[in-house]
Amino acid sequence: MRIEREVINQFKAWKEAPDRKPILLKGARQIGKTWAMETFGKECFKYSVKFDFDKQQELKSVFQATKDPQRLIKELTLYCDQPIIAGETLMIFDEIQECEEALNSLKYFREEAPEYHIIAAGSLLGVAVKKRKMTVPVGQVKIIDMYPVTFKEFLRASDEQTYEYIESLDEIRHLPEIILNKLRTEYRRYQVCGGMPEAVVALLENKGVGEVESALQDILDLYELDFAKYAEPREIPRIHAIWHSLPAQLSKENRKFIYKVIKSGARSKDYEDALMWLEDAGMIYRIFSISKPGMPISAYEETDAFKVYACDCGLLRRLAHLPATIVTDPIANYTEFKGAMAENAVLQSLMPLMDNQKPYYWTSSGTAEVEFVIQWDDEIIPIEVKAEDNISGSSLAVYFKTYAPHYRMRFSMLNLQYNCGLLSSPAPLAGWIDKWMELIIKNAE
């Protein structure tokens, strides 16, 4: 089972760019970074060579001996079976966090040998860089953030006909009931497996829910081992406590992160480094509150109020020990956590579209809350998320009355429509926001 990953399209555009920099690929563990690099190399280059700095420890001496790209190329050819030819070979530097000299060499390839195509990636790269106080050649590399499999990618693999129908839409209109039902079914299946490729493949190949659960648990176990391997000893129990508190944090009606949920008497200063560790590892998304939706939105961030979501809804479900049968049952009543799962899944669709920005959220004296607020070009757009068909609640209305935004969005399980600045969309279509905004603005002109 092959899943088409959007990041490969980014790689293809980079390959043809005239002013090309080496890529530094970032993302959480087990999301398919190595697979994406290798697949791109096989399909788009005559040759592809991979250097793994974890498995091939002897590579470190090569980069410690010289910074000259031409000499490095000559040395590296001794460690691969294929030639390294500018324009014809993709060089993959995997687990690059194990060799700071290799990380720094990207600067010299950019300055002195830009004709070579290089993609570098590493496990917990952000964590390793901070822990070892490594220097990253900022400005000399193109940083690409990779995410777990999105629902858009999942749908393309699971139901290509429905995917193509959505792709072909040239106006915002009610979907046929058969399309809407297919979207609902596939979205619930996606919330079971999440976006970790191993779990996705297990589900799509009909290996049974047991295989899906096993794949997710293996990843959770690996993450626990990472705490011990990469974190400072005094931070390990705090990282563990925060990670395991996510289901409880998100089960609250008010999903604002509360330290006492972790441990009675817990204080922010004791857990800030642990939160940063999980963020740097790509395991959580921290969504901050804003005081008001001004431009730029980042200027109104309130750093003492935030919500924390998991990087993947499948991992969150497994972490919470929520059975798959509950998620796939549209009438199952698991109250607040159902809303949390809905928000987490929508956030996963938003993150790859944010173009190095991030979503926020908004509250009004505790009486109203809009789940996400994003800056989209020169617009600030509030986004409300509902788990099913029930769209009661006044939060979006309060926001609209207070700030009168040009556009607002509501994701639920209701049909697609646009009316007087409000886009009402099935939650599975959150990954098509760019398409909806393009159609809305085009029709307004």
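Which residues of helix H4 (residues 69-76) are buried? In this predicted model, the buried residues of the helix are Pro-69, Leu-72, Ile-73 and Leu-76. Viewed down the axis of H4, these buried residues fall within an arc of 100°, so they line one face of the helix. An α-helix has 3.6 residues a turn, so residues three or four places apart point the same way. The cover over the buried residues of H4 includes two strands and two helices, namely strand E2 (47-52), strand E3 (89-94), helix H3 (59-65) and helix H5 (100-112).

A buried position is also found in a loop, where Arg-29 lies between strand E1 (23-26) and helix H2 (33-44). The relative accessible area of Arg-29 is 16%, which is under the 20% cut-off, and the residue therefore counts as buried. Leaving aside residues up to four places away in sequence, Arg-29 touches Ser-123, Leu-124, Met-196, Leu-222, Tyr-223 and Asp-226. Of these contacts, Leu-222 is 193 residues from Arg-29 in sequence, while the two C-alpha atoms are 8.8 Å apart in space.

Strand E8 (residues 360-364) pairs with two other strands, in opposite senses. With strand E6 (residues 284-290), the pairing of E8 is parallel and extends over 2 bridges, and Tyr-361 in E8 is the bridge partner of Ser-289. With strand E9 (residues 368-376), E8 runs antiparallel and is joined by 4 bridges; here Trp-362 has Val-370 in E9 as its bridge partner. E8 and E9 form a hairpin with 3 residues between the strands, in which Ser-365 takes a positive phi near 50°.

Definitions and conventions
Residues are numbered from 1 along each chain as its sequence is written. This is a predicted model: local features need pLDDT of at least 70, side-chain atom pairs count only at pLDDT 80 or more; totals for chains, interfaces and linings use all residues. Side-chain values use heavy atoms; hydrogens and water are left out. Buried means under 20% relative accessible area, exposed over 50%, partly exposed in between (1.4 Å probe, protein chains only). Contact means heavy atoms within 4.5 Å. The arc is that of the directions from the helix axis to the C-beta atoms. Two strands pair if DSSP finds at least two bridges between them.
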